[in-house]
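Please open the model in a viewer and keep the selection panel at hand. The tour below proceeds stop by stop, naming what to select and what is found there.

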Amino acid sequence: MEEISDRIGDAKLGDLWIPGTDDSAGDPGRSATGVHTIDGQLNSGVRYLDLRPTADTRGDYYLCHGGSERGDSMRTDISLADLLGVTRRFLEAHPYEIVIFDFGQTAEADDNHLVGRIMDEIGPYAVPAERGADVELRELWERRERAIIAYPFHRQANVRAEEYRARLWSAPADAAPGKAHFKVIASDFRNSARTVDICIALNRG
């Protein structure tokens, strides 16, 4: 977006085609996505990240490959702290880029603690859900709101801070159909021919 920001400022968020990765923290031994680090994906143009954190026995969060409910057997060595640090620095360095963080497949966790960790790092850039998909890019840039954080809607009530809940969008799996669709081209990097177009709904229903 940065290179064409002078031409797309009036465009609405929901009108964009957003390049993304499926299972963004994939294990290199199981999925070719893993050969690309998170910062490598961002620097290559990826703006939708499918993230699946799970907590270890000490309460530290790591990203999983595959269904996060499978726990440590599919856990990667990418910590949530590292992910958030990388993405925060990316957002700081690129003021015209917007990134969707989809935590929709997060395993059962202490939602209040997990969302607090996320907001501590990238919360200042979070787009409030009330903006919706009709907001113009120029408005988001001016407000410095460039991170869309999607989280399971049925678990958002577990987050005690209202200011945090207001910045959570509904994850694709439980968003109301027909609402605020974002068009995402999601690839697992195995084969460019297998890249598929999917439409995900990221509004609060």
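**Stop 1: the parallel strands**

Select Asp50 and Asp102: Asp102, in strand S6, is the bridge partner of Asp50. Before continuing, note that this is a predicted model, in which local features need pLDDT of at least 70 and side-chain atom pairs count only at pLDDT 80 or more, while totals for chains, interfaces and linings use all residues. Residues are numbered from 1 along each chain as its sequence is written, and side-chain values use heavy atoms, with hydrogens and water left out.

Extend the selection to strand S2 (residues 48-50), which runs parallel to S6 and is joined to S6 by three bridges. Strands are DSSP runs of E with at least two residues, helices are runs of H or I with at least four residues, and both are numbered from the N terminus. Two strands are said to pair if DSSP finds at least two bridges between them.

Next add strand S7 (residues 147-151), whose pairing with S6 is also in the parallel sense, over four bridges. Here Asp102 has Ala150 of S7 as its bridge partner. Asp102 thus has a bridge partner in S7 and is itself the bridge partner of Asp50.

Now display the side chains of S6 (residues 99-102). Val99 and Phe101 point one way, Ile100 and Asp102 point the other way, and all are buried. Buried means under 20% relative accessible area, exposed means over 50%, and partly exposed lies in between (1.4 Å probe, protein chains only).

**Stop 2: the antiparallel sheet**

Select strands S3, S4 and S5. They form an open sheet of three strands in the order S3-S4-S5, with antiparallel pairing. Strand S3 (53-55) and strand S5 (75-79) stand at the edges with a single partner strand each, so one side of each is left without a neighbour in the sheet. From one strand to the next, the twist averages 50°.

Strand S4 (residues 61-64) runs antiparallel to S5 and is joined to S5 by two bridges. Pick Tyr62 to see Ser79 of S5 standing opposite. Then show helix H3, which packs on the sheet, touches S4 and S5, and has a direction at about 45° to that of S5. Contact means heavy atoms within 4.5 Å; axes are lines fitted to C-alpha atoms, for helices over the stretch in contact, and angles run from 0 to 180 degrees between N-to-C directions.

**Stop 3: helix H4 and its link to H3**

Select helix H4 (residues 111-122). Its twelve residues should span 16 Å at 1.5 Å a residue, and the end C-alpha atoms are 16 Å apart, which agrees. The expected span is 1.5 Å times one less than the number of residues. Among the buried residues of H4 are Leu114, Val115, Ile118, Met119 and Ile122.

Add Glu121 and Arg88, whose side chains meet in a salt bridge (2.6 Å, N to O). Glu121 lies in H4 and Arg88 in H3 (residues 80-93), so the pair ties together parts that are 33 residues apart in sequence. A salt bridge is a side-chain nitrogen of Lys or Arg within 4 Å of a carboxyl oxygen of Asp or Glu. Glu121 counts as partly exposed at 27% relative accessibility, and Arg88 counts as partly exposed at 23%.

**Stop 4: a salt-bridge network**

Which residues are linked with Arg58 in a network of salt bridges? Select Asp56, Arg58 and Asp60, which make up that network. Arg58 meets Asp56 at 3.6 Å, N to O, and meets Asp60 at 3.7 Å, N to O. Asp56 counts as buried at 11% relative accessibility, Asp60 counts as partly exposed at 32%, and Arg58 is exposed with a relative accessible area of 63%. The count for the structure comes to twelve salt bridges.

**Stop 5: Glu2**

Select Glu2, in the segment before helix H1 (5-8). Glu2 counts as partly exposed, at 30% relative accessibility. Not counting residues up to four places away in sequence, Glu2 touches Ala93, His94, Pro95, Tyr96 and Glu97. Glu2 and Ile98 are 96 residues apart in sequence and 9.6 Å apart in space, C-alpha to C-alpha.

**Last view: the whole chain**

Finally, show the entire chain, with its six helices and ten strands. Buried residues make up 50% of the 205 residues. Of the contacts with a separation of 6 or more, 67% are between residues 24 or more positions apart.
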